[in-house]
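Trainee: Could you pick one part of this model and take me through it closely? I'd like to follow it residue by residue.

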Amino acid sequence: MTPSPAPTASTGVELPDTLLCARAVAGDQYAFQALIRRHAPAMRSYAIRLTGSTADADDVLQETFIQAWRKLDTLEDAAKVRSWLMTLTSRKAIDLIRTRKPNVPIDDVAETHAKEQTPEQSAITGSEIGALAKALKTLPKQSQEIWVMREVGGSSYQEIAELLDISPASVRGKLARARIKLVQEMEGWDS
């Protein structure tokens, strides 16, 4: 199957997301491909920031594209397709991060030994990472997403607000509550 060019109006102007969404929901694969081509670069950059790996980001995008195709008909406001796709990307990245087993690159192992980290220090560090992952699971799903987007992905409050379709003030509040809850959970880890 030869890919077709992005659907355009007869004037050669690219069609708006709302029209492409409507056509994709009706089963037009070319319209869906046009949406993906339009938004994939931003989605990929975001997935790389969240996962820290281009390979993982590509896996996240593949899963995101599949879910987007299956769930496009559930999108209530086609004008918000970009933020919807970015939210799907975020959720898939968070899912991947949760299931990822801690892997330490060989260079980091050499650097750690160069700093003469004792086996006890290594064990404590590993336990702290495990405790943080466990503490994150106690947060509401949206708070987890906000925390990961801010602390791991480095997203701004405004970016997070746009992706989750909430106000920046809500992002700040939920992030503050998430941080407090994580500190409380981590303090409980010591006892």
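Mentor: Sure, starting with the whole chain: 31% of its 191 residues count as buried (under 20% relative accessible area, 1.4 Å probe, protein chains only). The model is predicted, so local features need pLDDT of at least 70 and side-chain atom pairs pLDDT 80 or more, while totals for chains, interfaces and linings use all residues. Residues are numbered from 1 along each chain as its sequence is written, and side-chain values use heavy atoms, without hydrogens or water.

The chain has nine helices and zero strands (DSSP runs: H or I of at least four residues for helices, E of at least two for strands, numbered from the N terminus). Among contacts (heavy atoms within 4.5 Å) between residues at least 6 apart in sequence, 63% join residues at least 24 apart.

Let's zoom in on α7, residues 141-152. Its axis comes within 8 Å of that of α2, residues 29-51, and the two cross at roughly 85° (lines fitted to C-alpha atoms over the stretch in contact; angles run from 0 to 180 degrees between N-to-C directions). That makes α2 roughly perpendicular to α7, a label for angles of 65 to 115 degrees. On the α2 side you'll find Y46, R49 and L50, and they meet V148, M149 and V152 of α7. By class, this contact has five nonpolar residues, no polar ones and one charged (Ala, Val, Leu, Ile, Met, Phe, Trp, Tyr, Cys and Pro are nonpolar; Asp, Glu, Lys and Arg charged; the others, Gly among them, polar).

Now look at where α7 packs on α4, residues 81-99: the angle is about 85° again, with the axes 10 Å apart. That makes α4 roughly perpendicular to α7 as well. From α4 come S90, R91, I94, I97 and R98; α7 answers with K141, Q144, E145, V148 and M149. The mix here is four nonpolar, two polar and four charged residues. Notice that V148 and M149 of α7 turn up in both contacts.

Follow α4 and you also reach the second largest pocket, where α4 gives the most to the lining, with five residues. Helix α8 (157-164) supplies at least two residues there too. Of the 14 lining residues, the closest to the pocket's centre are L75, K80, S83, W84 and D165. By class, the lining has five nonpolar, four polar and five charged residues. (A pocket is an open set of points on a 1 Å grid over the protein atoms alone where a 1.4 Å probe fits, with protein on both sides within 12 Å along at least five of seven lines; lining residues have an atom within 4 Å of a point.)

Technical notes
Angles under 35 degrees count as roughly parallel, over 145 as roughly antiparallel, 65 to 115 as roughly perpendicular and the rest as oblique. Buried means under 20% relative accessible area, exposed over 50%, partly exposed in between (1.4 Å probe, protein chains only).
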